[in-house]
Amino acid sequence: MSSAEPVESVSGLSLESLNPEQKAAATYRGGPLLILAGAGTGKTRAITHRIAHLIAQGVPAGRILAITFTNKATEEMRRRVSALVPGEGHKVWIYTFHAFASRLLRQHAKLLRLTPYFTVYDQEDQKKLVQEALKELLLEDQKNKASLFVHLISRAKDDLLDAESYAINSLTAAEPFRQTVAKVYQRYQAKLAQGGGLDFGDLLMRCVELLRDHEDIREYYQEYFMHVLVDEYQDTNHAQYVLTKTLAAKHRNLCVVGDEDQCLPSGTGVITRQGQKNIEDIREGEEVLAGSGWGKTCFMPVKKVMRKPHRGDLIRVHLRSGKKLLATPNHICFGRMEPSPDTHYVYLMRKNAKGYRIGTTSGVRASKNGRLINGLLVRTNQEVADAVYILRTCRDLGEARYYEQYYSVRYGIPTMVFYVRGRRMAVGQKWIDRLYSEINTGEGAERLMEDLHIDSRFPHHRPGASVRGEVNRKRVWFTVFGGPRAGELRPWHEHRIHLNTSDQLLRESAEKKFLLIRKGQKNTWRIETSRKNYDDGMTLAKAICSIDGLEITGRAKLTFSDPFLFMPASHLSIGMIVPVVEEGKIVEDEVEKIERVSYEGFVYDLDVPHVRNFVAEGIVVHNSIYKFRGADIRNILE
């Protein structure tokens, strides 16, 4: 990225809250711009301030297109931009890829022989249509593979292969099954058209077709959108890449924002079937040791090896057993909170209806039934909070109190509790509510998490789901290896997807999309199912979340004890429990020390399908995030 002159304020827009790197990105003058950094470093802050800066510089707000990946991210970006440039921010085109494509297709439907009132089929609708296609093709013996057919058809559309192109390519394919998929794809697509519908893959593929085949439409939008900005660009697939490239071709003002790879450095030892090897020596197709659930391990083939240069900090994790691991701060590991005597936490707590507060607690406290549990869990329940993040782990209470005040004063975040809840306090609930209504704690919390490299998507603790009073927590649990038994033809346990709530309005929405709704206890209902394929399980969990903006909590049942949460290496803390391998079995170890070290060199990651983990330096870690839903990391690396 070329340097830009520092600009403190343009037409009233203040950039004082940005660090030098964010400011350089926000004020970059024009042309292609890649913003690449780890989670929790303020990429979204940079992109929203860039949009506001462009408007302040005279770019019409309505000629800026910003694309995100989720409805929640879209709403958050709209809120931030509108706050930065009141009266103009709402004019910016801020959409998900699919929502943007849907808008263009409905507006120009006749050119593609579509009705502007087409229906968008979700995954369950697709599965039903595939089952009907299988029946018509006399392939009912394949009906248990309906999800697989949906998956393969979606991948073809991600690669911009329509049914006809896929069938032509399949004629020379060595595998007969690919030819079967081609037949099902063609029949499925015919039935989709007959019903006047499109699936999510069609939205992108037909939008690319619209711009490719209609020069006047293509030139209009290329001229119209003066700036195109894409968040989470590392998650883009080929169709999204082509759409983005096409729209930005005229002005070439393309700004893409993405996470760095979650990676391990050269020299990291990985256990293979042939013995331990350095990660840089692993080759595609080689089998590496991985956790398969409930204390067991298996060897799984590596589908892809990714390498990239890295210059910056790494996290070194020291365990009580003597094992050590070096990883980029955002490499996903597995961790679990346990009672931790002689430990004190400084924490950041979030309550969705109020904001953020800072506090301290001990590492072990007694619950109502007298059982000893981690103090963070007790404090979160007392405060009826939605999430809590560890800012610092201290062995001395005085040190913890110091950092509590330091973070509170520096970032403008209160230490006041959220609720009185029977405490003898001079400050009543009325004054507490007023305090949190008049202070924008979110802005300070955002800067604090950026400075400490905390990823807001991965709290150290989330309390259980609840819908009562002003508490409205609904959570989809995605438990890797959550099934109690492994399959006869596969070594890993199935992945569980679970939602349990009493929210009846949510049930009405869910019943329109999902069939497996069951009655729970005490007027609750639940969705509880499993998937053999990790990516299919995550896709289903995200589909359920899309009903009402729910959150996913990812965790892994790697031992016989409680599941481990997905957790970036930068979130691991002293006293946490992590999964390790001893004598071919997954057991538990304790984090004893965390330190940051500087590193310059290559870092690597492995793509391990189905189990999505491998063993590095004796510690179980997650593998690449980038193949999820057809994402192609080459889009951002190249």
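Here are a few notes on one sheet and some of the salt bridges in this predicted model.

1. Start with the open sheet. Five strands make it up, running β3-β9-β8-β4-β5 across, and their pairing is parallel. As a reminder, strands in a sheet pair through backbone hydrogen bonds, parallel or antiparallel.

2. Which strands stand at the edges? Those are β3 (33–36) and β5 (93–96). Each has a single partner strand, so one side of each is left without a neighbour in the sheet. On the twist: neighbouring strands here are turned by 15° against each other on average, ignoring direction.

3. If you want one pairing to look at in detail, try β8 (residues 227–230) with β9 (residues 254–258). These two run in the parallel sense and are joined over 3 bridges. Val230 is a handy place to look: its bridge partner in β9 is Val256.

4. Now the charged pairs. Side chains of opposite charge can pair when their charged atoms come close. The count for this model comes to 37 salt bridges, and I'll pick out a few.

5. Glu136 is worth a look, as it turns up in two of them. One is with Arg187, at 3.1 Å from N to O. Arg187 sits in helix α8 (residues 176–194) and Glu136 in helix α5 (residues 123–136), so this contact ties together parts 51 residues apart in sequence. The other is with Lys191, at 2.8 Å, N to O. That pair also links distant parts of the chain, with Lys191 in helix α8 and Glu136 in helix α5, 55 residues apart.

6. Buried or exposed: where does Lys191 fall? Lys191 is buried, because its relative accessible area is 14% and the cut-off for buried is under 20%. Arg187, at 30% relative accessibility, counts as partly exposed. Glu136 also counts as partly exposed, at 40%.

7. A pair with a much wider gap in sequence number is Arg320 with Glu592, whose side chains meet in a salt bridge at 3.5 Å, N to O. Arg320 is in the loop between β15 (304–319) and β16 (324–327), while Glu592 belongs to strand β32 (residues 585–607), so the contact ties together parts 272 residues apart. Glu592 counts as partly exposed, with 39% relative accessibility.

8. Last, a network. Which residues are joined through shared salt-bridge partners? Arg45, Glu76, Arg79, Arg80, Glu446 and Glu450 come together in one network this way.

Notes: Residues numbered from 1 in each chain as written. Predicted model: local features only at pLDDT ≥ 70, side-chain atom pairs only at ≥ 80, totals over all residues. Heavy atoms only, no water. Pairing = 2+ DSSP bridges. Helix = DSSP H or I, 4+ residues; strand = E, 2+ residues; numbered from the N terminus. Axes fitted to C-alpha atoms, helices over the stretch in contact; angles between N-to-C directions. Salt bridge = Lys/Arg side-chain N within 4 Å of Asp/Glu carboxyl O. Buried < 20%, exposed > 50% of the residue type's maximum accessible area, 1.4 Å probe, protein only.
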